[in-house]
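Let's take a walk through this model, starting with one lysine and working outward. Have the viewer open as you read.

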Amino acid sequence: MNSKMNERIKELAYEAEDYADGIVDEGGEFHPAYTQKLAELIIRECCVALHPMLRDMISRTQGVDLIAEHFRGEE
């Protein structure tokens, strides 16, 4: 995974952490609110990345490329 993609994932993780008021619960496990929010944020990002695919009816392979490009950002 390249560093720009890692940065976007980190941003989403911080946003989820803020939402859940922490990553882990009292038992040391990932807080359910954190994991749910992080999943929602990643899915939302994927939908944004796939919008051109849905609009222009591009191939699934191109859709995967769009998601990867979205998380990588401009290089």
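A contact here means heavy atoms within 4.5 Å. With that in hand, look at Lys37: leaving aside neighbours within four places in sequence, Lys37 is in contact with Ala16, Tyr19 and Arg44.

Before going further, some ground rules. This is a predicted model, where local features need pLDDT of at least 70 and side-chain atom pairs count only at pLDDT 80 or more, while totals for chains, interfaces and linings use all residues. Residues are numbered from 1 along each chain as its sequence is written, and side-chain values use heavy atoms, with hydrogens and water left out.

How confident is the predictor? On pLDDT, its per-residue confidence from 0 to 100, the chain has a mean of 80, and 87% of its residues reach 70 or more. Helix H1 (residues 3–20) has the highest mean of the elements, at 84, and helix H3 (residues 60–72) the lowest, at 78.

As for the layout, the chain has three helices and zero strands, which reads α-α-α along the sequence. These elements are DSSP runs numbered from the N terminus: H or I over at least four residues for helices, E over at least two for strands.

Back to Lys37, which sits in helix H2 (residues 32–56). What is the nearest side chain of opposite charge to Lys37? That is Glu40, 4.1 Å away, and Lys37 is buried yet has no salt bridge. Buried means under 20% relative accessible area, exposed over 50%, and partly exposed in between, with a 1.4 Å probe and protein chains only. A salt bridge needs a side-chain nitrogen of Lys or Arg within 4 Å of a carboxyl oxygen of Asp or Glu; in the charge count, Lys and Arg are positive, Asp and Glu are negative, and His and the chain ends are left out.

Now the nonpolar core, a set of buried Ala, Val, Leu, Ile, Met, Phe, Trp, Tyr and Cys residues joined through side-chain atoms within 4.5 Å. The largest one has nine residues, including Leu12, Ala16, Leu38, Cys46 and Phe71. H1 and H2 are the elements that give two or more residues to this core. Cys46 touches Ile67 and Phe71, not counting residues up to four places away in sequence.

Finally, stop at the loop between H1 and H2, where you'll find Asp21. Its phi is near 60°, a positive value in a residue other than glycine. Asp21 is exposed, with a relative accessible area of 73%.

How values were computed
pLDDT is the predictor's confidence in each residue, from 0 to 100.
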